Amino acid sequence: MPSLSATSGGKIMASWYDRRKATSSCVNVGDAGCNYERVGRQSTTNGATWEPAEITISTGIITQPSQDDGNVQTCYAGDYDYNTALNGPDTGGKPTAYVTWTDGRHAIGGVPVQSVDFATVPLP
């Protein structure tokens with residue numbers, strides 16, 4: 001579930017869900033291997049080259065939402081993944097990416113549910 005945004009000056013933010021820190025497989029919702037982070041990579045050359053290191057955007061490991069509501073797809077994350085990048089006066093002239101994603105760290109009745117999290121990420 002990647003998302004991509006670019007400023008008019010060619011600065012790009014790409015972000016995606018990442019399970020590389022998982023210590024087990026993801027077989028059933030609730031398995032530690034189903035947990036993820038939102039990570040990204042940036043470019044200052046309109047995508048011709050990319051910064052050498054990925055950045056972690058989320059503030060910690062995210063629990064995969066399991067959703068007890070029968071009207072909502074269980075074990076799903078993805079509809080809220082958006083990047084927007086700006087470099088105008090509303091960002092103080094500094095290029096900035098705004099990243100949203102599905103986050104399951106919020107629980108209702110002990111069940112991790114889909115919510116949306118947000119981060120402001122300075123672009124190089």
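# A guided tour from β3 to the salt bridges

Start by selecting strand β4, residues 55-56, together with β3: two bridges join these strands, which run antiparallel. For a single pair to display here, pick Val39 and look across to β4, where its bridge partner is Thr56. Before going further, keep in mind that this is a predicted model. The mean pLDDT of the protein chain is 88, with 91% of its residues at 70 or more. Colour by confidence and you can place β4 among the elements: its mean pLDDT of 97 is the highest, while β7 has the lowest, at 90.

**Stop 1: around β3**

Now select the whole of β3, residues 37-43. Is this strand largely enclosed or not? Six of its seven residues are buried, so the rest of the structure largely encloses it. Next, add strand β2, residues 12-18, which pairs with β3 in the antiparallel sense over seven bridges. To find your bearings in this pairing, show Ile12 and look opposite it for Ser43 of β3.

**Stop 2: the sheet of β5, β6 and β7**

Move on to the open sheet of three strands, ordered β5-β6-β7 and paired in the antiparallel sense. Its edge strands are β5 (82-86) and β7 (111-122), and each of them pairs on one side only. If you look across the sheet, neighbouring strands are turned against each other by 25° on average, with direction ignored.

Select β6, residues 96-108, along with β7 to see an antiparallel pairing over eleven bridges. One pair to label is Ile108 and its bridge partner in β7, Val111.

**Stop 3: the nonpolar core**

Show side chains for the largest nonpolar core, which has twelve residues: Met13, Tyr17, Tyr36, Ile57, Ile62, Ala85, Ala97, Val99, Trp101, Ala119, Val121 and Leu123. Which elements give two or more residues to this core? They are β2, β6 and β7. The largest share, three residues, comes from β6. As background, nonpolar side chains in soluble globular proteins tend to be buried together.

Centre the view on Val99, and set aside its neighbours within four places in sequence. The residues in contact with Val99 are then Met13, Ser15, Arg38, Ile57, Tyr82, Asn83, Asp117, Phe118, Ala119 and Val121.

**Stop 4: salt bridges**

The count of salt bridges comes to six. Begin with Arg20, which is exposed, with a relative accessible area of 56%. One salt bridge runs from Arg20 to Asp18, with the closest N and O atoms 2.5 Å apart. Asp18 itself is buried, with a relative accessible area of 9%.

Arg20 also forms a salt bridge with Glu54, again with 2.5 Å between the closest N and O atoms. This pair links distant parts of the chain, 34 residues apart: Arg20 lies in the loop between β2 and β3, and Glu54 in the loop between β3 and β4. Glu54 counts as partly exposed, at 33% relative accessibility. Select Asp18, Arg20 and Glu54 together to view the network of salt bridges that links them.

For a last selection, go to Arg105 and Asp103, which form a salt bridge with the closest N and O atoms 2.7 Å apart. Is Asp103 buried or exposed? Asp103 is buried, with a relative accessible area of 0%, whereas Arg105 counts as partly exposed at 30% relative accessibility.

How values were computed: Residues are numbered from 1 along each chain as its sequence is written. This is a predicted model: local features need pLDDT of at least 70, side-chain atom pairs count only at pLDDT 80 or more; totals for chains, interfaces and linings use all residues. Side-chain values use heavy atoms; hydrogens and water are left out. Buried means under 20% relative accessible area, exposed over 50%, partly exposed in between (1.4 Å probe, protein chains only). Helices (H or I, at least four residues) and strands (E, at least two) are DSSP runs, numbered from the N terminus. Two strands pair if DSSP finds at least two bridges between them. Axes are lines fitted to C-alpha atoms, for helices over the stretch in contact, and angles run from 0 to 180 degrees between N-to-C directions. pLDDT is the predictor's confidence in each residue, from 0 to 100. A nonpolar core is a set of buried Ala, Val, Leu, Ile, Met, Phe, Trp, Tyr and Cys residues joined through side-chain atoms within 4.5 Å. Contact means heavy atoms within 4.5 Å. A salt bridge is a side-chain nitrogen of Lys or Arg within 4 Å of a carboxyl oxygen of Asp or Glu.
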